[in-house]
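Biologist: I'm new to this one. Can you put it up and walk me through it?
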Amino acid sequence: MKIALGCDHGGYELKEFVKTVLERLGHTYEDFGCYSKESCDYPDFGEAAARAVAEGKCDRGIVICTTGIGISIAANKVKGIRCAHCADCLQAEMTRRHNDANMMAIGAGFTGKNMAERMVEVFLSTEFEGGRHARRVDKIMAIEG
């Protein structure tokens, strides 16, 4: 699977760690920035990663800022994106099972490396259940018009 990555300065170190997790799991990635701890604006990188997923250039995306909130909001502005801000493994699992989320946002200020590693593993290995959940996802996507 090819994963789009994006972060701001607050998520830079955790994004670099997530790269090693993806490599260990056998996934490839495209890094849409940022590329240092220098102050920057999360919408730029959340949007870039989300566009890659929406356009089919990447299969899923993981975006990281200090809280995970701002970058998830930015990613969700891109048509076709369902980016879930997750704080634990159950949320990472359920957003795939029930919401068919194609992106996950992580808050680096609240999520340690061990939790982030497991969340990435779960998010990338969990399949969408479909069924009644597909109807609901279709309704969510219809809101985009």
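Modeller: One term before we start: contact means heavy atoms within 4.5 Å. Also, this is a predicted model.

Biologist: Fine. What do the buried residues of α5 pack against?

Modeller: They pack against the strands β1, β3 and β5, and against the helices α1 (12-25) and α4 (89-99).

Biologist: And which residues of α5 are buried?
Modeller: A116, M119, V120, E121, V122, F123 and L124. The helix itself covers residues 113-125, 13 in number. From first C-alpha to last, α5 reaches 18 Å, close to the 18 Å expected at 1.5 Å a residue.

Biologist: On to the sheet. In what order do the strands run?
Modeller: The order is β2-β1-β3-β5-β4, an open sheet of 5 strands with parallel pairing. β2 (28-31) and β4 (83-85) are the edge strands, each pairing on one side only. On average, neighbouring strands are turned by 25° against each other, direction ignored.

Biologist: Which helix packs on it, touching β1, β3 and β5?
Modeller: Helix α2, residues 42-54. Its direction makes about 170° with that of β1.

Biologist: How do β4 and β5 pair?
Modeller: In the parallel sense, over 3 bridges. H85 stands opposite A105 in β5.

Biologist: Different topic: how many disulfides?
Modeller: The count is 0. For C65, the nearest cysteine sulfur is that of C7, 9.5 Å away.

Biologist: Why is C86 not bonded to C83?
Modeller: Because the sulfur of C86 is 8.1 Å from the one in C83, its closest cysteine sulfur, and that is too far for a bond.

Biologist: Is C86 buried or exposed?
Modeller: Buried, at 1% relative accessibility. C65 also counts as buried, at 3%.

Conventions. Residues are numbered from 1 along each chain as its sequence is written. This is a predicted model: local features need pLDDT of at least 70, side-chain atom pairs count only at pLDDT 80 or more; totals for chains, interfaces and linings use all residues. Side-chain values use heavy atoms; hydrogens and water are left out. Two strands pair if DSSP finds at least two bridges between them. Helices (H or I, at least four residues) and strands (E, at least two) are DSSP runs, numbered from the N terminus. Axes are lines fitted to C-alpha atoms, for helices over the stretch in contact, and angles run from 0 to 180 degrees between N-to-C directions. The expected span of a helix is 1.5 Å times one less than its number of residues. Buried means under 20% relative accessible area, exposed over 50%, partly exposed in between (1.4 Å probe, protein chains only). A disulfide is a pair of cysteine sulfur atoms within 2.5 Å.
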